[in-house]
Amino acid sequence: MAETLQITDKIVENAIVSSLRNVFWTMLHHMPSLKASGLEAIPSDADMHFEVIGCVGFAGDVNGIVYLCLTEEFARQSTAQILGMSLAEVDMTAPEVIKDAVGEVTNMTAGGFKNELCDLGYPCKLGLPTFLRGRSLAVASTKSAARHVFWFECNGHRLAADILLKSE
């Protein structure tokens, strides 16, 4: 059996950037760009109030959770694009269609991220997507997990990928 590599910050960054770009280009025809990473790199216009968070956990040789944090407006626009609907149609069928679209984008992003870890010798399996909606939502980590935060811009909107990792 091949020896596994240590999961470095750079490996995590490369995996989430690659996965997010693949999913967003495929589903939305927009390419997100990485703007900053790390907890100290919260954008200076810190009125980043996320109202929608999709999350998917994974377990195996490495355990973790991938959170995608979006504004309500970006979630609405993304849902319309993915489903070929107008914003009015999304609003008439919300919140279920937004939940489904954000859940699927999060699931695909977490799956791509997980596949990168599997390719490095850390086999793991995905859990089911979870969807959170509220005002000024934030992700908090536990002491036993390493937290990796990445800030992106996509089609004029900010989003964050917040990843918690714990390897056994």
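This report describes the aromatic pairs of a predicted model and one of the helices that contributes to them.

## The pair Phe24 and Phe74

The structure contains 2 aromatic pairs. In one of them, the ring centres of Phe24 and Phe74 lie 6.2 Å apart and the ring planes meet at 35°, so this pair is classed as tilted. Tilted pairs are those whose planes are neither under 30 degrees apart, which would be stacked, nor over 60, which would be edge-to-face.

Phe24 belongs to helix H1 (residues 9-28), while Phe74 belongs to helix H2 (residues 72-83); the pair therefore ties together parts that are 50 residues apart in sequence. Phe24 counts as buried, with a relative accessibility of 2%. Phe74 is likewise buried, its relative accessible area being 2%.

## The pair Phe58 and Phe113

Phe58 and Phe113 have ring centres 6.0 Å apart and planes at 55°, so this pair is tilted. Phe58 is located in strand S2 (residues 50-60) and Phe113 in helix H4 (residues 96-119), so the pair ties together parts that are 55 residues apart in sequence. Both Phe58 and Phe113 are buried.

## Helix H2

Helix H2, in which Phe74 lies, comprises 12 residues. From its first C-alpha to its last, H2 reaches 16 Å, close to the 16 Å expected at 1.5 Å a residue.

Besides Phe74, the buried residues of H2 are Ala75, Arg76, Ser78, Thr79 and Ala80. After H2 comes Gly84, which has a positive phi near 65°.

Conventions
Residues numbered from 1 in each chain as written. Predicted model: local features only at pLDDT ≥ 70, side-chain atom pairs only at ≥ 80, totals over all residues. Heavy atoms only, no water. Phe/Tyr/Trp six-rings, centres within 6.5 Å; stacked < 30°, edge-to-face > 60°. Helix = DSSP H or I, 4+ residues; strand = E, 2+ residues; numbered from the N terminus. Buried < 20%, exposed > 50% of the residue type's maximum accessible area, 1.4 Å probe, protein only. Expected span 1.5 Å × (residues − 1).
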